[in-house]
Amino acid sequence: MMMRFYLLIGLWAGIVVYGLSGCGSQKGPETQATVSDSIIPDTIIDVEIAEDEDTVEDYLSWADIPDGEEVVRLDFEKWLVIMNHIKGNYWSRPTAKMLANAGLEVLLESDTIDDGIKAVDFRYGRQMKRVTDSAGEQQFTYGGDHAVVFMVDAYTSSGAEILFRSPADLKDFVQQAINRGVVELPGDGFIVCDKPMGKGIHKLRKMYDYTETKKGAYKERYYLYPAYNPEEEWQRCEVSLDFLRHRIDIEK
């Protein structure tokens, strides 16, 4: 699935990572919805984030982001409420209260049923503003140094991504996740589980087969892959949503 989002500023080139199956096999209400009223009708807010392997090696660890910069927090727990609601309720739109609690607003919400498969394209943000380009079309650009865009896509596969205008905001977001407790993954990634496991980056002791439902203290919920490139205008945190159905134990 190609991530799509029109901005007047340029987004970096990067590889978007998704699983192989998402909501295609799920059953849900046979309803259709169109783009939110908060979006100008007939306006597509869409940009392709192209693949470019030459840029991958330029990414650094989120831990390399300098300390001491101003932070405008995207609260991890409040974001988690939104993400859990979307993922756990057949790709449902979050409530206005959930978004307001996290300081986000709707940029785009589109969800349709296509031959029994739900197609979802959600975009939420803060410090974003609509502008009219030279062709008279409505598009978005950032409206502040701490702008954020949170994107969720689902069809036959699913995935999410958070874009941070400020590197310090990305680092703070990851540190909040660590304070809740995460399990380390190869390549500077983390497993977020169904419940807090205590502050820190924990090592995986055992991952059980997904059929072993009575084993393991924790259940996979999301994988986070934060990445930092000081040369880019936006920093990213990819969120894996597919195939996360294992139970795990951690080293004490």
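Okay, let's start with a question: does aspartate 169 count as buried or exposed? Hold that thought for a moment.

What you have on screen is a predicted model. The chain has three helices and 13 strands. Of its 252 residues, 48% count as buried. If you take the contacts with a separation of 6 or more, residues 24 or more positions apart account for 67% of them. The accessible surface is about 12,400 Å², and 47% of that belongs to carbon and sulfur atoms.

Right, back to aspartate 169. The answer is buried, at 1% relative accessibility. Its side chain meets that of arginine 126 in a salt bridge, 3.2 Å from N to O. Arginine 126 sits in strand β2 and aspartate 169 in helix α3, so this pair ties together parts that are 43 residues apart in sequence. Arginine 126 is buried too, with a relative accessible area of 8%.

Helix α3 has another one for us. Aspartate 172 forms a salt bridge with arginine 73, at 2.7 Å from N to O. Aspartate 172 is in α3, while arginine 73 is in the segment before α1, so here the tied parts are 99 residues apart in sequence. The aspartate is buried at 9%, whereas arginine 73 counts as partly exposed at 48%.

One more pair: arginine 205 and aspartate 249, with the closest N and O atoms 3.2 Å apart. This one links strand β10 to strand β13, 44 residues apart. Arginine 205 is exposed, with a relative accessible area of 53%, and aspartate 249 is buried at 11%. There's also a network, where salt bridges that share partners join Arg93, Glu109 and Asp111. Across the whole structure, the search finds 13 salt bridges.

Now for the strand I'd like you to look at, β12, residues 235–240. Why do I call it largely enclosed by the rest of the structure? Because six of its six residues are buried. In a regular strand, side chains alternate between the two faces of the sheet. In β12, Gln235, Cys237 and Val239 point one way, Arg236, Glu238 and Ser240 point the other way, and all are buried.

And which strands pair with β12? Strand β6, residues 158–164, pairs with it in the antiparallel sense over six bridges, and leucine 163 stands opposite arginine 236. Strand β11, residues 218–227, also runs antiparallel to β12, joined by five bridges. There, tyrosine 223 is the bridge partner of serine 240.

Technical notes: Residues numbered from 1 in each chain as written. Predicted model: local features only at pLDDT ≥ 70, side-chain atom pairs only at ≥ 80, totals over all residues. Heavy atoms only, no water. Helix = DSSP H or I, 4+ residues; strand = E, 2+ residues; numbered from the N terminus. Buried < 20%, exposed > 50% of the residue type's maximum accessible area, 1.4 Å probe, protein only. Contact = heavy atoms within 4.5 Å. Areas by Shrake-Rupley, 256 points an atom, 1.4 Å probe, with all protein chains shown as cover. Pairing = 2+ DSSP bridges. Salt bridge = Lys/Arg side-chain N within 4 Å of Asp/Glu carboxyl O.
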